[in-house]
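Open the model in your viewer and keep the sequence panel beside it. The stops below go from one local detail out to the whole chain and back.

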Amino acid sequence: SSRCLRLAGGPPNLCVGSGSADSGGRGCRAALASPHLVVRVTRCTPDQERPLELQNSFVVPTDIDTAWKSLQDVEGLAPCMPGATLESHDGDDFTGNVKVKLGPVSMTFGGQARFVSKDEATHTLVIEGSGKDSRGGGTAKGQVTAVLVAEAPDRTRVDVSTDLTITGKAAQFGRGVMQDVA
């Protein structure tokens, strides 16, 4: 069985399991973005890497232990991420694809990621990943740190910090497009 949890302050959902009652079993859509997203872009020339720092928070209406377990469920979360497809999962390592549209350009990145650390005492997860555009148009690599904070017995805030470096076509876009995508 599966369910989707409504995120406070917006329509996106966080899935637990695959599919959802409100999506007819087709999976659900989730966004790790919110109106509180902060993006910092360092200026560079088109042929350089473009480092990004993305900061985001969202709230899950469940206790911190359930949220902690759900965020480690790679197979359950993959269908909730728009454009993401999980190819394989073995322990803390996983591979997959993600489709991204930046302005007029669509790209599909294939790559791998892994849990670098899982600290249950502080409810902190760290994931590293990297991938290449399937058409050879660039690369992406990054580290995501998620910290869970119990705001109430049935409410957990997830603070997400992402350090992302991109090259190629994606790196050529300006700050405005990057903010819209993030």
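Over the ring of which residue does the charged end of Lys118 sit? Select Lys118 and Phe115: the ring is that of Phe115, and the charged end lies 4.5 Å from its centre. A charge counts as over a ring if NZ of Lys or CZ of Arg is within 6 Å of the ring centre and within 35 degrees of the ring normal.

This is a predicted model, in which local features need pLDDT of at least 70 and side-chain atom pairs count only at pLDDT 80 or more, while totals for chains, interfaces and linings use all residues. Residues are numbered from 1 along each chain as its sequence is written, and side-chain values use heavy atoms, with hydrogens and water left out.

**Whole chain**

Colour by secondary structure. The chain has 3 helices and 10 strands, in the order β-β-β-β-α-α-β-β-β-β-β-β-α. Helices (H or I, at least four residues) and strands (E, at least two) are DSSP runs, numbered from the N terminus.

**The hairpins**

Select β6 (residues 93-102) and β7, which run antiparallel and are joined by 10 bridges. Strands count as paired if DSSP finds at least two bridges between them. Leu102 has Val105 in β7 as its bridge partner. This hairpin has 2 residues between its strands, and Gly103 takes a positive phi near 55 degrees.

Next, add β8 (residues 124-133). Antiparallel to β7 (residues 105-119), β8 is joined to that strand by 10 bridges. Lys118 appears again here, with Leu125 in β8 as its bridge partner. Asp119 stands opposite Thr124. With 4 residues between β7 and β8, the hairpin has a positive phi near 50 degrees at His123.

Then add β9 (residues 139-152), which pairs with β8 in the antiparallel sense over 9 bridges. Val126 has Thr145 as its bridge partner in β9. The hairpin of β8 and β9 has 5 residues between the strands, and Gly136 in the turn has a positive phi of about 75 degrees.

**The cores**

Show side chains for Leu71, Leu125, Leu148 and Val158. In the largest nonpolar core, which has 16 residues, these four touch the most other members. A nonpolar core is a set of buried Ala, Val, Leu, Ile, Met, Phe, Trp, Tyr and Cys residues joined through side-chain atoms within 4.5 Å; buried means under 20% relative accessible area, exposed over 50%, and partly exposed in between (1.4 Å probe, protein chains only). At least two residues of this core come from each of β4 (50-60), α1 (64-71), α2 (74-77), β7, β9 and β10. The most come from α1, which gives 4.

Centre on Val158. Beyond its neighbours within four places in sequence, Val158 is in contact (heavy atoms within 4.5 Å) with residues including Phe58, Val60, Leu71 and Leu148. Apart from this core lies another, of 9 residues, among them Leu52, Leu102, Phe109 and Ala140.

**A loop residue**

Select Lys169, in the loop between β10 (155-166) and α3 (175-181). Is Lys169 buried, exposed or partly exposed? Lys169 is partly exposed, because its relative accessible area is 39%. Leaving out neighbours within four places in sequence, Lys169 contacts Val105, Met107 and Gly137. Add Asp133: Lys169 and Asp133 are 36 residues apart in sequence, with 9.4 Å from C-alpha to C-alpha.

**Last view**

Return to the full chain, where 36% of the 182 residues count as buried. Of the contacts between residues at least 6 apart in sequence, 46% join residues at least 24 apart.
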